[in-house]
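New to this one? Have a look at the sequence and the 3D view first, then come back for a quick tour.

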Amino acid sequence: MLNVETRHAIHPDHAKGMDTQGLRDNFLCEGMFKEGEINLVYTHYDRFTVGGAVPAGGSLTLDKVEETRTATFLERREMGIVNIGGAGTVEAGGESFAMNEGDVLYIGMGSGAVTFTGQGRFYITSCPAHHAYPSRLVTVADAAKMELGDAATSNKRTINQFIHPLVMQSCQLVLGYTALDEGSVWNTMPAHVHDRRMEAYLYWGMDEASRVLHLMGEPQETRHMFVANEEAIVSPTWSIHSGAGIGKYTFIWAMAGDNVDYTDMDFVQPSELR
């Protein structure tokens, strides 16, 4: 029922020499959403963890995870959950939260076991925490929204901010998702890096045959991967994270590191990329 994979941190000099399979093995997270299972990828980038829980009408509980060597997974961690499926419920810390598609749930440190039920497909993000903030459900209507880009540059998009200083408090987890307007394909352009925080992307809402061409690597040493629906990319601090997709898609971004300042990023203009 619970499967955990560990990913070690990769130095940029190492990434320069990787072939396609090496990049996919180290930075792409596949197969996280399997019915009746919880699948986690535990990374050594700020101890950030991503995963999926698919109760498929039943019930799944995430409690002890051997990789953290704590009594419960959330003993010294906080968690952000996005429901990318049908209606479902998440229970933690004696509270129950009904979640519809697109809703986001923050669960504070020390909340104990987390139980997933219903028809939801729950995307899980988690990082270490230093303070127990209250758990909170943030619906799509509650999110802070920011419009960016332009149809002329194929990057008109809406950024939905959920676990974000404009909406609520967390220790170091920042999470939201970006939806592309019809006809736009570029999800983050110009690209950027932020040496103070790592980031993870989950691509969501895509047709089965569609793909996103995800760009990563140092600005002067870019690499790429083709990514399918419900697959995630782990992005180190030294890497850009940008991409262009075929057809409609949304990407969920989640970050952890030294601060929760969403604007703390170093932009890289297209003319500077190699």
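Here is a short briefing on one helix, some strands and a pair of cysteines.

Keep in mind that this is a predicted model. A good place to begin is helix α2, which covers residues 20–27. From there we move to strand β11, residues 122–128, then to an open sheet of seven strands, and finally to Cys127 and Cys171.

**Helix α2**

- Four names to look for in α2 are Gly22, Leu23, Arg24 and Phe27, the buried residues of this helix.
- Those buried residues pack against strands from quite separate parts of the numbering, including β1 (2–7) and β18 (212–218).
- Their other packing partners are α1 (12–16), β2 (28–29), β19 (221–227) and β20 (232–235).
- At the start of the helix, look for Asp19: one of its side-chain oxygens comes to within 3.3 Å of the backbone nitrogen of Gln21.

**Strand β11 and its partners**

- Strand β11 has seven residues and six of them are buried, so the rest of the structure largely encloses it.
- Strand β4 (residues 49–54) is joined to β11 by five bridges, and the two run antiparallel.
- To find that pairing on screen, pick Ala53, which sits opposite Phe122 of β11.
- Strand β6 (residues 77–83) also runs antiparallel to β11, with seven bridges joining them.
- Here the pair to pick is Met79 and its bridge partner in β11, Ser126.

**The open sheet**

- Seven strands make up an open sheet with antiparallel pairing, in the order β2-β20-β17-β22-β15-β14-β13.
- The edges are β2 and β13 (144–148), each of which pairs on one side only.
- At the β2 edge, two bridges link β2 to β20, and these strands run antiparallel.
- Leu28 is the residue to click on there, as it stands opposite Ile233 in β20.

**The cysteines**

- How many disulfides are there? The count comes to zero, with two sulfurs needing to be within 2.5 Å to qualify.
- For Cys127, the closest cysteine sulfur is the one in Cys171, and at 7.7 Å that is too far for a bond.
- Cys171 is in no disulfide either, as its nearest cysteine sulfur is that of Cys127.
- Are these two buried or exposed? Cys127 counts as buried because its relative accessibility is 0%, under the 20% limit.
- Cys171 has a relative accessible area of 11%, so this residue is buried too.

Key. Residues are numbered from 1 along each chain as its sequence is written. This is a predicted model: local features need pLDDT of at least 70, side-chain atom pairs count only at pLDDT 80 or more; totals for chains, interfaces and linings use all residues. Side-chain values use heavy atoms; hydrogens and water are left out. Buried means under 20% relative accessible area, exposed over 50%, partly exposed in between (1.4 Å probe, protein chains only). Contact means heavy atoms within 4.5 Å. A polar contact is a pair of N or O atoms within 3.5 Å; within protein, one must be able to donate a hydrogen and the other to accept it, and residues adjacent in sequence count only if both atoms are side-chain atoms. Two strands pair if DSSP finds at least two bridges between them.
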